[in-house]
Amino acid sequence: MHELPITQSILDLALKHAAEAGGGHITDLYLVVGQLSGVVDASVQFYWDILTEDTPAEGSQLHFRHTVMEMECRECGTTFIPEEPVFICTACGSPSVKVIAGDEFRLEAIDLKPTDGSGELESDR
Amino acid sequence: MSERIPVQEKITSQNDIIAAENRARIDAAGIFSINLMASPGAGKTSLIEQTVPRLNDRFRIGVIDGDLATSFDADRAARAGAVSVQINSASCHLDAPMVSQGLDRLDLEALDFLIVENVGNLVCPAGWQLGTHASALVASIPEGDDKPFKYPGMYRGVDVLVINKIDLIPYLAFDMDRFRQGVEALNEGVATFPLSCTTGEGIEPWLEWVMNRIAGRS
């Protein structure tokens, strides 16, 4: 759904950090995607290949680490992964539960290959 | 050899920077503002039509309307008595730079209350901060009581929840307890206003909430 602007944001963020680190070619990106963010990997990947053309991230690999929605029971303290479509404690059956994980949506790291002396990037001269 | 560069930054951080700038502008003008979200047809524009005329004699109200292709909603907001500007977003949600452009077109000093009407969608708008003070979700009875379970990201992020079309409860199999249990699991203690934009039932507590928040800003 909103993966085009999301993908553009990932690229902008990666390019900013690459420039701050002295530039070079981005080879890999490590993303953490929580279930609650509603982001679809395949769709991000689709736009990624288009948006990165002729940028220092062209040909780079996206790595997705997923976190599922986790809940905690307010009654007995048990943590569990809800089996949709009910939010009920799997231990004591209480409906008084809350979300404790699954909101994540961030870029953890990028791998950067310095342009100098690598040879590969100049090869198409 | 490539080098690992740690980033640890939210994907939407650039948007959030613009959202903070929007907030500063809204705050400087002493305005209270909400980001109004919902699925298409839940009643965002109807809520604006019910709210604006009831507050118009006390407060000056502006509406920034996000719409894919038409100005129908902005026209309805204007007819209800608000100063309205429209952004044809050509997107599934509004983001902070779009709202910034909307703010450019309003005389902020001449407003007390600003409603940003987002694009009808239960997934995308939740991820994008706009700089408003509160995020409001309009749910509606015909959508069904399973929506908090199916769209947890949206229900999780809002500060106030309006449940519209309660006049239809007798005709539909909507389990209010199930709905509210799902909401409470995702968003404990969220301010909730069941109402009907058709009959006007339940509108007063919603207006009270809005007025209290406006009074808290100016």
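**Exercise 1.** In this predicted model, determine how many bridges join strand β1 of chain A to β2(A), and in which relative direction the two strands run.

*Solution.* Begin with strand β1 of chain A, which covers residues 25–34. Counting its bridges to β2(A) gives seven, and the two strands run parallel. For a single pair within this ladder, take Y30(A), whose bridge partner in β2(A) is H63(A).

**Exercise 2.** Place this pair in its sheet: what is the strand order, and which strands lie at the edges?

*Solution.* Following the pairing from strand to strand yields the order β2(A)-β1(A)-β6(A)-β1(B), an open sheet of four strands with mixed pairing. The edge strands, each of which pairs on one side only, are β2 (61–67) of chain A and β1 (3–10) of chain B. As a last step, consider the twist: with direction ignored, neighbouring strands of this sheet are turned against each other by 20° on average.

**Exercise 3.** Why is chain A described as more spread out than a compact globule?

*Solution.* First list the elements, which run α-β-α-β-β-β-β-β from the N terminus on, giving two helices and six strands. Next compare the radii: the radius of gyration of chain A is 20 Å, whereas the globule rule gives 14 Å for 125 residues, and because the former is well over the latter, the chain is more spread out than a compact globule. Then turn to the extents of the C-alpha trace, which spans about 65 × 25 × 20 Å along its principal axes.

**Exercise 4.** What percentage of the residues in chain A is buried?

*Solution.* Applying the criterion of 20 or more other C-beta atoms within 10 Å, one finds that buried residues make up 34% of the 125 residues in chain A.

Methods:
Residues are numbered from 1 along each chain as its sequence is written. Chains are lettered from A and ligands numbered from 1 in the order in which they are written. This is a predicted model: local features need pLDDT of at least 70, side-chain atom pairs count only at pLDDT 80 or more; totals for chains, interfaces and linings use all residues. The radius of gyration is taken over C-alpha atoms; the globule rule is 2.2 Å times the number of residues to the power 0.38. A residue is buried if 20 or more other C-beta atoms lie within 10 Å of its own, exposed if 12 or fewer, and partly exposed in between; C-beta atoms are placed from the backbone. Two strands pair if DSSP finds at least two bridges between them. Axes are lines fitted to C-alpha atoms, for helices over the stretch in contact, and angles run from 0 to 180 degrees between N-to-C directions.
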